[in-house]
Amino acid sequence: MCILLRSILIAFTVFLVNATSHSTRDFIGSGVVFADPLNPLDDHLPAGDVTDSQADKTYESIKAALVESYTKSPLPVAGLYNDWRRYNTTPYVSEPHGGRLVNDFANSVAADYGRFEIETQLPPGSVIAMDSFRVIPSCLPLSITADAVQHGPLFVMEKMKSGFNTASGDWRFSMVMADGGLFGETKGVGHDRVEFCANCHQSAKPGQDWLFFPPKDYRISGESEDQVAQK
Ligand code: HEC
């Protein structure tokens, strides 16, 4: 079914559910309504079937606006991450983060993130931020209406001091909504809402410090251990 019709149907269903249910209301954060309360990352919209170069062009065109919205959040990282090193070549679709197109950035303390699967523990102060967006294909021929672009959340992992929270591997997981609202952060506002982040990230391979890294085809060319050691 055409995406637009599907979206209208979903929006209407969500409206009806919200009108009657208190439990779903709990998942309305910063004006955002999630279709599936059990999986807040899934709002049932596809990322759009775009080529890498289209994804890249789209990202370049929305980047400034995306950062501006995130910057409204209380997280200082939201306004800083855009200057950090990006570890993927072009935006790629991340199924676990709602099937959105995403980019991975890490600060200089987290430089070892670029070793990818080579065994590593990132030091406290390491921050990895992943921004996201979605291209929603138009129902009509492109000459009539353009595809829509929807901003997505900013996903953040910050390595805290040892003992911060063993249940999250001493990582503080945070999620900032597209409008800058803070959905939740480990041991802070909305702690329960982001527990599912740690539940999944703890399944990363041993020695990978709860990290999964970008898919191999999208990584910037890897650094050898020697190059990393020279830093
Ligand atoms: C169902 C599993 C799953 C859930 C839930 C999940 N993630 Fe991820 N996350 C991944 C995977 C897999 C990757 C690697 C990139 C990719 O394939 O999407 C990743 C990558 C990341 C990265 C880049 C660092 C890395 O591991 O390479 C950040 C930051 C991140 N996730 C934050 C979050 C936050 C914050 C939440 C919760 C709001 C969350 N994730 C929920 C599986 C998950």
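Reader: How far is a nitrogen atom of the ligand from an N or O atom in the side chain of His97?
Author: In this predicted model, local features need pLDDT of at least 70 and side-chain atom pairs pLDDT 80 or more, whereas totals for chains, interfaces and linings use all residues. Residues are numbered from 1 along each chain as its sequence is written, and side-chain values use heavy atoms, with hydrogens and water left out. The separation at the His97 side chain, a polar contact (N or O atoms within 3.5 Å), is 2.8 Å.

Reader: Which residue has a polar backbone atom 2.7 Å from an oxygen atom of the ligand?
Author: A polar backbone atom of Phe212 lies 2.9 Å from a ligand oxygen. The 2.7 Å distance belongs to Phe213.

Reader: Which element gives the most to the shell around the ligand?
Author: Two or more residues each come from β2, β4 (127-136), β6 (154-159), β7 (171-176) and α4 (DSSP runs: helices of at least four residues, strands of at least two). The shell holds 21 residues (a heavy atom within 4 Å). Four of these residues come from the leading contributor, α4.

Reader: What geometry does the site of the iron atom have?
Author: His97 and His201 each coordinate the iron through NE2 at 2.1 Å (donors: N, O or S within 2.8 Å, or 3.2 Å for Na, K and Ca). Angles among the six donor atoms run from 84 to 179 degrees. Because opposite donors must be over 155 degrees apart and all others between 65 and 115, the site is classed as octahedral.

Reader: Is His201 buried or exposed?
Author: His201 lies in helix α4 (residues 195-201), 104 residues from His97. Its relative accessibility is 13%, and the cut-off is under 20% with a 1.4 Å probe, protein chains only; therefore His201 counts as buried.

Technical notes: Tetrahedral: all angles 85-135°; square planar, octahedral: opposite > 155°, others 65-115°. Buried < 20%, exposed > 50% of the residue type's maximum accessible area, 1.4 Å probe, protein only. Polar contact = N/O pair within 3.5 Å; in protein donor to acceptor, adjacent residues only side chain to side chain.
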